Amino acid sequence: MLTFLVLAVLTIAGGILTISARNAVHASLGLVGTLLMVAGIYATLNASFLAATQVIVYAGAVMVLFLFVIMLLDANRPVEEANPLPFIAPLAGVGGAILAGAFAILAFTYKDPRPLAESTAALANGAPGPVGETLLTRFLLPFEAVSILLLVAVVGSVALVQRPAVQADPEQTPELTALEGEVA
Amino acid sequence: MAEVPTAYYIALSGILFALGMIGVLTRRTAVMVFLSVELMLNAANLSLVAFARAWGDLVGQTAVFIVMTLAAAEVAIGLAIIVAIFRKRETTNVDDLASLKG
């Protein structure tokens, strides 16, 4: 219980830093902290494989991508965020409070379907083997769909960030055709 | 060791989700909006893992694995779009980008 409370407090602190920091680099470092603490919480939930994946994929790869883009766009200097709607900040606060209240009602009316000690034993500690077995049997179709999605994401991101094609220079064309003729 | 009740995890997930929502609504830089969305995705993942433990079923954990992959793809594409927009418009403020006209 103590472990959970410490991790939870650090997670919330990281989340608050993420949404409140003026500097984008500070915000993403706050998110890195949050993601690492969430990985710790996964470990307390008997999901060891997911805890490792969280650290490698989220706290590692995704956040490196974020920091790379923040620095590439020089977005790390504090920016003036003039808000077009003056009432959006209190409105967001009220909305967040309502959402948190709804989650609180959900949390305090939730009853575990069976004793936790019994269901924890059925998880096999969330080891890679059993998770992979579920992934390749009951989740086979989503697994294949995700592989296609990743391929599309790779091709799409390369296509999006490539520089516009250089216009063909009309003066160059005769020389090129002449060169090609020599080669032939 | 006594197990922490699932309700605590749902409460933490709710707080994280609310924080993410506040961030999406109040921040005006596209990158900051993305960071807040990541916070919300993690809140959802956290409750999925908590429910997986409550039911003693690995399906919840496997779903989180799929969600992580989706989030990685989303970040790759989203940041590529932000870079492409920044090249053309020299800004990532979402209010200046409210029009779809190039």
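Here is a walk through the structure above, one feature at a time. Keep in mind that this is a predicted model, and that every value below is computed from it.

Let's start with chain A as a whole. Chain A has eight helices and zero strands, so if you follow chain A from the N terminus on, its elements read α-α-α-α-α-α-α-α. Of the 184 residues in chain A, 32% count as buried. The domain assignment gives chain A a domain 1, covering 1–76, and a domain 2, covering 127–160. Take the centres of these two domains over their C-alpha atoms, and you get a separation of 23 Å.

Now zoom in on one helix, H6 of chain A, which covers residues 128–137. Which residues of H6(A) are buried? They are Val131(A), Thr134(A) and Leu135(A). Look down the axis of H6(A) and you'll find that its buried residues fall within an arc of 100°, so they line one face of the helix. Some general background helps here: an α-helix has 3.6 residues a turn, so residues three or four places apart point the same way. Over on the other side of H6(A), Glu133(A) and Thr137(A) are exposed.

Just along the chain, in the loop between H6 and helix H7 (140–161) of chain A, sits Arg138(A). What does Arg138(A) pair up with? Its partner is Asp57(B), and together they form a salt bridge, with the closest N and O atoms 3.9 Å apart. That fits the rule because a salt bridge needs a side-chain nitrogen of Lys or Arg within 4 Å of a carboxyl oxygen of Asp or Glu. The pair crosses between chains, and on the chain B side Asp57(B) lies in the loop between helix H2 (30–55) and H3. Over all chains, the count comes to one salt bridge. Are the two partners buried or exposed? Arg138(A) is exposed, at 58% relative accessible area, while Asp57(B) counts as partly exposed at 32%.

Charged side chains aren't the end of the story, so let's turn to the aromatic rings. How many aromatic pairs are there over all chains? The count is six. One of them is made by Phe49(A) and Phe65(B), whose ring centres are 5.6 Å apart and whose planes make an angle of 35°, which makes the pair tilted. Phe49(A) belongs to helix H3 (residues 48–72) of chain A and Phe65(B) to helix H3 (residues 59–89) of chain B, so this pair joins two chains. Phe49(A) counts as partly exposed, with 22% relative accessibility.

Aromatic residues also gather in a cluster made of Phe4(A), Tyr8(B) and Tyr9(B). Follow Tyr8(B) a little further: it lies in helix H1 (residues 6–26) of chain B and is partly exposed, with a relative accessible area of 38%. Tyr8(B) has another role in the picture, as it forms a nonpolar patch on the surface with Met1(A) and Leu5(A). Together, the three residues of this patch have about 270 Å² of accessible area. Why can Tyr8(B) be part of a patch at all? Patches are made of residues with over 30% relative accessible area and no salt bridge, and Tyr8(B) has 38%.

Back in chain A, take a look at the loop between helix H2 (24–44) and H3, where you'll find Asn46(A). In general, most residues other than glycine have a negative phi. Asn46(A), however, has a positive phi, near 60°. Asn46(A) counts as buried, because its relative accessibility is 16% and buried means under 20%.

Finally, a couple of distances in chain B. Phe17(B) is found in helix H1 of chain B and is partly exposed, at 24% relative accessible area. Phe17(B) and Gln61(B) are 44 residues apart in sequence, and their C-alpha atoms are 19 Å apart in space. Next, go to helix H3 of chain B, where Leu70(B) lies. Leu70(B) counts as partly exposed, with 40% relative accessibility. Between Leu70(B) and Trp55(B) there are 24 Å from C-alpha to C-alpha, with the two residues 15 apart in sequence.

Terms used: Residues are numbered from 1 along each chain as its sequence is written. Chains are lettered from A and ligands numbered from 1 in the order in which they are written. This is a predicted model: local features need pLDDT of at least 70, side-chain atom pairs count only at pLDDT 80 or more; totals for chains, interfaces and linings use all residues. Side-chain values use heavy atoms; hydrogens and water are left out. Domain bounds come from an automatic or database domain assignment. Patches are made of residues with over 30% relative accessible area and no salt bridge: like charges are joined within 9 Å, nonpolar side chains (Val, Leu, Ile, Met, Phe, Trp, Tyr) within 5 Å. Accessible areas come from the Shrake-Rupley method with a 1.4 Å probe; for residues, only the protein chains shown count as cover. Helices (H or I, at least four residues) and strands (E, at least two) are DSSP runs, numbered from the N terminus. Buried means under 20% relative accessible area, exposed over 50%, partly exposed in between (1.4 Å probe, protein chains only). Rings of Phe, Tyr and Trp (its six-membered ring) pair if their centres lie within 6.5 Å; planes under 30 degrees apart count as stacked, over 60 as edge-to-face and the rest as tilted. The arc is that of the directions from the helix axis to the C-beta atoms.
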